[in-house]
Amino acid sequence: MISGERLRLRPIRRSDLPILRAWFDDPETTRFWGQPAPLVAEDLFETDLAGRFRRFDEAGYFMTELNDGTPIGRIEYERLDPIARSAEVMILIGSEEGRGRGFGTEAMVALLGYLFHQRNLYRVSLSVIAWNERAIRSYQKVGFVEEGRLRDDLFFDGRYHDQVVMSILRDEFEARWSAPPAPQSWGVKESCR
């Protein structure tokens, strides 16, 4: 488990599947990912997620929940490259009540702390749909910088949309969020490795 001040990231469990499915069935939620809903047919949903969760060496999928256990979203890293020491991150705040309260920023800081200090990464990147200004501001607050745009990279709602590519380096993260604390203060337990 990875802990923040108001929330924690824990591995996704089978019992989370109905919550995840409800979020992925919500057109407004999936719109922020630049995808039509549903992302996966209902009969394939569990199989699709189960296949992803088996690749924990190169990917990690976490449920974001408040300290009282209320689930508010999902956060993950993929494409972990141990040679380049890099990975790509994604976040979804599925609960409407969890949006606009800084939980996404806090969850991202917690995950980056884990990736930089426990997985020894050097660079973490993400992409975000260009019109999602709230997400871009959150990523900038964490310390991500824009590297460029993928022009007309996504097609949905009958038109093309740009994606903004952003990244953060370990020293940039540490400068913004101070020197790395002892590993246990990030709340990482061996079961997450």
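Start by selecting strands S4 and S5: they pair in the antiparallel sense over 7 bridges. The model you have open is a predicted one, so keep a confidence colouring at hand.

**Stop 1: the S4–S5 hairpin**

Pick Tyr 77 and look across to S5, where its bridge partner is Val 89. Then move to the end of the hairpin, which has 4 residues between the strands. Select Arg 85 there and check its backbone: phi is positive, near 55 degrees. Now highlight the whole of S4, a mostly covered strand in which 8 of the 11 residues are buried.

**Stop 2: the other neighbour of S4**

Add S3 to your selection. S3 and S4 run antiparallel and are joined by 6 bridges. For a landmark, show Phe 62, which stands opposite Ile 75 in S4. These two strands also form a hairpin, again with 4 residues between them. In its turn, Gly 69 has a positive phi of about 95 degrees.

**Stop 3: the full sheet**

Switch to a cartoon view and select every strand. You should find 8 strands in an open sheet, ordered S1-S2-S3-S4-S5-S6-S8-S7, with mixed pairing. The edges are S1 (2-3) and S7 (145-156), each of which pairs on one side only. Follow S7 inward to S8: the two run antiparallel, with 8 bridges between them. Leu 150 is a handy marker here, standing opposite Gln 163 in S8.

**Stop 4: helix H1**

Select residues 17-25, which make up helix H1. H1 lies across S3, S4 and S5, and it runs at about 90 degrees to S4. Show the side chains of Leu 17, Leu 20, Arg 21, Trp 23 and Phe 24, the buried residues of this helix. Why do they sit on the same side of H1? They cover an arc of only 160 degrees around the axis.

**Stop 5: the nonpolar cores**

Next, select Met 108, Leu 111 and Phe 144. They have the most contacts inside the largest nonpolar core, a set of 37 residues. Among the elements that each supply at least two residues of this core are strand S2 (7-11), strand S6 (123-129), helix H5 (133-142) and strand S8 (159-169). Helix H4 gives the most, with 10 residues.

Centre the view on Phe 144 and display what surrounds it. Leaving aside residues up to four places away in sequence, Phe 144 touches Val 89, Met 108, Leu 112, Val 124, Ser 125, Leu 126, Tyr 139, Met 166, Ser 167 and Ile 168. Apart from this core lies another, of 9 residues; to find it, select Ile 12, Ala 59, Met 63 and Leu 92, which are among its members.

**Stop 6: the whole chain**

Zoom out and colour by pLDDT. The chain has a mean of 81, and 76% of its residues reach 70 or more. Select residues 180-193 and you will see pLDDT under 50 throughout; for this stretch the model has 28 contacts beyond four places in sequence.

With everything in view, the chain comes to 6 helices and 8 strands. Trace the cartoon along the sequence and you can read off the pattern β-β-α-α-α-β-β-β-α-β-α-β-β-α. Of the 193 residues, 47% are buried. If you make a contact map, look well off the diagonal: among contacts between residues at least 6 apart in sequence, 61% join residues at least 24 apart.

Key:
Residues are numbered from 1 along each chain as its sequence is written. This is a predicted model: local features need pLDDT of at least 70, side-chain atom pairs count only at pLDDT 80 or more; totals for chains, interfaces and linings use all residues. Side-chain values use heavy atoms; hydrogens and water are left out. A nonpolar core is a set of buried Ala, Val, Leu, Ile, Met, Phe, Trp, Tyr and Cys residues joined through side-chain atoms within 4.5 Å. Buried means under 20% relative accessible area, exposed over 50%, partly exposed in between (1.4 Å probe, protein chains only). Contact means heavy atoms within 4.5 Å. Two strands pair if DSSP finds at least two bridges between them. pLDDT is the predictor's confidence in each residue, from 0 to 100. The arc is that of the directions from the helix axis to the C-beta atoms. Axes are lines fitted to C-alpha atoms, for helices over the stretch in contact, and angles run from 0 to 180 degrees between N-to-C directions.
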